[in-house]
Amino acid sequence: MGEDAGGSENGILQASAPGLSLESRRSFLGVLLGLGSVFVGALLSIPLLRFALFPLLRRTTELKDSPVGALTEFSSLNEPVMRTIQIEQLDGWRKTISEKVVYVTKDSQGQLRVLTSICPHLGCTVPWNKEKREFICPCHGATFTPDGTRVSGPSLRGMDPLETSVQNGQLLVRFQYFRQLVSDREVIG
Ligand code: FES
């Protein structure tokens, strides 16, 4: 009797154990399937996400070259001339256009040179003084020759020349910012 009772107890246990195991297997498979779907979905969405976020994640593009004017305009230059250039910059989806003042002048060999008007001392805009034939900074009095060489004042270097190129007879310039208050020229943006 005791054995029978024990047997039926075991029988109950044996009957219920496979039932639980099947349920567990089903839920395990369900979880596995769910995880698989999430994984495949995530894999498929990577290209879409990259495409959508690319403009946001991309670094600011380099500045484009800006037209300064036709080369012929500067052929008989005998003093620096001021020009306002437009700079186009792309930050993600946002396109910004700003204006900068530059000077077209000639170096000691008579080659065209474009200078930024930003003073290398503390960043004031440096005007050309026709009477004195010098660039004279109104802020702290730094002076520069027509080709931008430092003459006097607190600036530790001459005015900063910009990279130029010529395309279809047009003078182009790449505007850049330089570190102030240092003697060695260093591009910062
Ligand atoms: S900002 Fe030009 S001399 Fe100081």
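1. Buried residues account for 18% of the 189 residues in the protein chain, a figure that, like everything below, refers to a predicted model. Among the contacts in the protein chain with a separation of 6 or more, 47% join residues 24 or more positions apart.

2. As to secondary structure, the protein chain holds one helix and ten strands, and when the elements are read from the N terminus on, their order is α-β-β-β-β-β-β-β-β-β-β.

3. Six strands are arranged in an open sheet whose order is β1-β10-β9-β4-β3-β2, with antiparallel pairing. The edges of this six-stranded sheet are formed by β1 (66–70) and β2 (81–91), each of which pairs on one side only. On average, and with direction ignored, neighbouring strands of this sheet are turned by 40 degrees against each other.

4. Within the six-stranded sheet, the pairing of β9 with β10 can be described in detail: strand β9 covers residues 161–167 and strand β10 residues 170–174, and the two pair in the antiparallel sense over five bridges. In this pairing Val166 stands opposite Leu171, which belongs to β10.

5. A further open sheet consists of four strands in the order β5-β6-β7-β8, and its pairing is likewise antiparallel. Here the edge strands are β5 (128–129) and β8 (150–152), each of them pairing on one side only.

6. At the β5 edge of the four-stranded sheet, β5 pairs with strand β6 (residues 134–136) in the antiparallel sense over two bridges. Which residue of β6 stands opposite Trp128? The residue facing Trp128 is Phe135 in β6.

Notes: Residues are numbered from 1 along each chain as its sequence is written. This is a predicted model: local features need pLDDT of at least 70, side-chain atom pairs count only at pLDDT 80 or more; totals for chains, interfaces and linings use all residues. Two strands pair if DSSP finds at least two bridges between them. Axes are lines fitted to C-alpha atoms, for helices over the stretch in contact, and angles run from 0 to 180 degrees between N-to-C directions. A residue is buried if 20 or more other C-beta atoms lie within 10 Å of its own, exposed if 12 or fewer, and partly exposed in between; C-beta atoms are placed from the backbone. Two residues are in contact if their C-beta atoms, placed from the backbone, lie within 7 Å.
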